[in-house]
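Biologist: I would like a close look at a single part of this protein, explained slowly enough for someone in a first year of study. Please take one residue as the starting point and work outwards from there.

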Amino acid sequence: MQSPREILTDVWNSAGGDPAALEAVTLSGDEPQLPSSFRVAAAAQVSIAASALAAAEIWQQRSGEKQTVSVDMRHAAIECRSERYLRVAGKPPPPAWDAIAGVYRTGDGRFVRLHTNFPHHRAAVCEVLGCKAERDDVQAALMKWQAEAFETAAYAAGGVVAMMRSHEEWSATPQAKALAQLPLISFEKIGEAAPKPWPKGDRPLAGIRVLDLSRVIAGPVAGRTLAAHGADVMLISGPDLPAIPWLSIDNGRGKLSSFVELKREEGRTALRELLAAADIFSQGYRPRALAALGFAPQDAARINPGIVYVTLSAYGHAGPWAERRGFDSLVQTATGFNHAEGQAAGIDGPKELPAQMLDHATGYFMAFGAMMARARQACEGGSWHVRVSLAQTGRWLWNLGRLDQGLKTPDFSADTVEPFLAELASGFGALHAVSSSAILSKTPAFWARPSMPLGSHEARWPIRN
């Protein structure tokens, strides 16, 4: 199997990074760190290191100053579970899942996973099943269905579910075959524009404006990472959009947070004004949802030539599932991870990875791709579209190989995690949150703005120095 450094080298080179930059990176720690047959800790370390190295390279481009980057594997694995270690005024997180979310058997003896944390997704599942939102009722209704037929019907109704597939079954699907033709991170020039000089500032992304239109984990982690390197990140949400409060707190560190109602022309006008002065537009909306509102990549490039537009999807931008909604837990289920982990553990049924690793790694790859594209824009101009997906990150993780005795690894104790936590002020009270595992020698990663309730700030960019 490749070492973490070899994996990082491949990721870095695939995005057009200068191979000489890798000499500045130190990766410490050994596998395994978490109980899994997959290389989740290596994936955490490499994805975080890639984003940190991109920030260091931008700093050198801006200032001429080189610096070292180091990432400890244990710290990185803890950071990729940041939501479970967050404490707000000393309180631990509430239950992570809705009452009917999770795994069920179907009438053909297979398993399906339901994601019902958002009310409209729960309602869609119950409408298809014709039952109340109670676990026993859902299970009884699912015994009348075949798993794949239910998966198809639920998606058609606006729900988000997944049938558990083995990796072999997944690999035989047209969607998996389409992903096999794509890179881990896609970069596409979508318009002509003059190079944009870097603004003044004393951090890698100082003065860089990022619109963050995302929810849950992957997209918000990307925005949090860009903020950690000095960007002005504005999270755009709507007053009526469902959110998961604990994740909003954890991933809101470093961000401005504004409400913009995109269903109204007034809100769309406000977003266009923000976009016209932005550097990066990062979004994880349902495929084509923003395009219908006038904010497709090509629209953004017309509004602001030179923009870097970053798109997150569940299953990739090609293939028959390109329009399909999804979350980390569902992609794990659909693409073979839960089946393989269950087999490795000797259980009849799915077993989750010990972290939402597809989400977290994809978030760091989003930030990495955004920075690499922005650095490229500063040198050669153009408008750029960067695309990542949970399923493609999953394909990358699968191809890193397996750990024979990985599931025997003990999970982290509270004492193990404690040294990697920092106390921060916030609009919710004192936070104990995981610190950045990326250590940059000249421009340390930190969050200059506290996490605040959604909609706390005006939809207006701060004045650049």
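In which helix does Thr-362 lie, and what surrounds that part of the chain?

Modeller: Before anything else, please keep in mind that this is a predicted model. Thr-362 lies in helix α16, which covers residues 357–380. The relative accessibility of Thr-362 is 0%, and because a residue is called buried when this value is under 20%, Thr-362 counts as buried.

The next step is to ask what Thr-362 touches. Leaving aside the neighbours within four places in sequence, Thr-362 is in contact with Ala-218, Leu-312, Met-357, Val-388, Ser-389, Leu-390 and Thr-393. Some of these partners can be placed by their numbers: Leu-312 falls within strand β12, residues 308–313, while Val-388 and Ser-389 fall within strand β13, residues 383–389. Ala-218 belongs to helix α10, which covers residues 218–228.

Strand β13 therefore deserves a closer look, and here the computed accessibilities are informative: six of its seven residues are buried, so the strand is largely enclosed by the rest of the structure. Strand β13 pairs with strand β12 in the parallel sense, and six bridges join the two; within this pairing, Val-308 has Trp-384 of β13 as its bridge partner. Strand β13 also pairs with strand β7, residues 186–191, but this time the sense is antiparallel and there are five bridges. In that second pairing, Gly-191 has Ser-383 of β13 as its bridge partner. When you look at such strands, it helps to remember that in a regular strand the side chains alternate between the two faces of the sheet.

One more residue can be added to the picture, in the loop that leads up to helix α10. Val-216 lies in the loop between β8 (209–213) and α10 (218–228), and its phi is near 75°, a positive value in a residue other than glycine. With a relative accessible area of 19%, Val-216 is buried, since the cut-off for that word is under 20%.

For contrast, consider Ala-89, in the loop between β3 (87–88) and β4 (102–105). Its phi is near 50°, which is again a positive value in a residue other than glycine, yet Ala-89 counts as exposed, at 53% relative accessibility.

Conventions: Residues numbered from 1 in each chain as written. Predicted model: local features only at pLDDT ≥ 70, side-chain atom pairs only at ≥ 80, totals over all residues. Heavy atoms only, no water. Buried < 20%, exposed > 50% of the residue type's maximum accessible area, 1.4 Å probe, protein only. Helix = DSSP H or I, 4+ residues; strand = E, 2+ residues; numbered from the N terminus. Pairing = 2+ DSSP bridges. Contact = heavy atoms within 4.5 Å.
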